[in-house]
Amino acid sequence: MKSRVKTMPKGLVRDVIERDGGFCLLVLPGCMGEASTADHRADRGHGGSLVLNHGAALIAACGLCNGRKTHLHPLERTPLIRRGLIVAKDSTNEKTLARCKETPIETVEGERFYLISANERTRVEDMMRGDR
């Protein structure tokens, strides 16, 4: 039996990359800099649910960092967790998505954003003031 790989729609990937400025947010050693894909903040497992193809659960990444993230040493994962780029799975995919929506991301420059959709993000400071 042939397994089907669930892929993200190209338009979704394009929107996430554009939302995140076209650059890889993971910035692991050897990073290519320019984003070429959308990476899931929470592990979907093998194929996983399409619920996690929501913009709040996705970040822009280069192909190298996207592949490396899965096999990181715990010391390499810790900064990515702290920056909200890796989000722990919850008991359901819907709860995991809610966790992604509640967890801001931090860029390497220190800017913090809540991810709203595939093409919208809001600065944490603006959200706290009620701007949006």
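Two strands pair if DSSP finds at least two bridges between them. Keep that rule in mind for the first views of this predicted model.

**View 1. Three strands make an open sheet.** Here the strand order is 3-4-5, and the pairing is antiparallel. In general, strands of a sheet pair through backbone hydrogen bonds, either parallel or antiparallel. Which strands stand at the edges? They are strand 3 (105–106) and strand 5; each has a single partner strand, so one side of each is left without a neighbour in the sheet.

**View 2. Strand 3 meets strand 4 through two bridges.** These two strands run antiparallel. Look for Glu-106, and you will find Arg-112 of strand 4 standing opposite.

**View 3. Strand 4 and strand 5 form a hairpin.** How many residues lie between the two strands? There are two. Four bridges join this antiparallel pair. To follow one of them, start at Ser-117 and cross to its bridge partner, Glu-120 in strand 5.

**View 4. Helix 1 (residues 10–19) has a buried side.** Its buried residues are Leu-12, Val-13, Val-16, Ile-17 and Arg-19. Why do they line one face of the helix? Seen down the axis of helix 1, they fall within an arc of 165 degrees, so they share one face. A handy rule helps here: an α-helix has 3.6 residues a turn, so residues three or four places apart point the same way. Turned away from the buried side is a face carrying the exposed residues Lys-10, Arg-14 and Glu-18. Just after the helix comes Gly-21, with a positive phi of about 80 degrees.

**View 5. The buried residues of helix 1 pack against four strands: strand 1 (37–40), strand 2 (58–61), strand 4 (112–117) and strand 5 (120–123).** Strands 4 and 5 may look familiar, as they are the two that form the hairpin.

**View 6. The largest nonpolar core holds 22 residues.** Which of them touch the most other members? They are Leu-26, Ile-59, Leu-80, Leu-85 and Ile-105. Strand 2, helix 4 (93–102) and strand 4 each supply at least two residues of this core. A second, separate core has 10 residues, including Ala-35, Ala-38, Leu-58 and Ala-118.

**View 7. Leu-26 and the residues it touches.** Leaving aside residues up to four places away in sequence, Leu-26 touches Ile-59, Leu-80 and Leu-85, among others. Its contacts also include Asp-39, Ala-61, Cys-65, Asn-66, Lys-69 and Arg-83.

Notes
Residues numbered from 1 in each chain as written. Predicted model: local features only at pLDDT ≥ 70, side-chain atom pairs only at ≥ 80, totals over all residues. Heavy atoms only, no water. Buried < 20%, exposed > 50% of the residue type's maximum accessible area, 1.4 Å probe, protein only. Arc of directions from axis to C-beta. Contact = heavy atoms within 4.5 Å. Core = buried A, V, L, I, M, F, W, Y, C linked by side-chain atoms within 4.5 Å.
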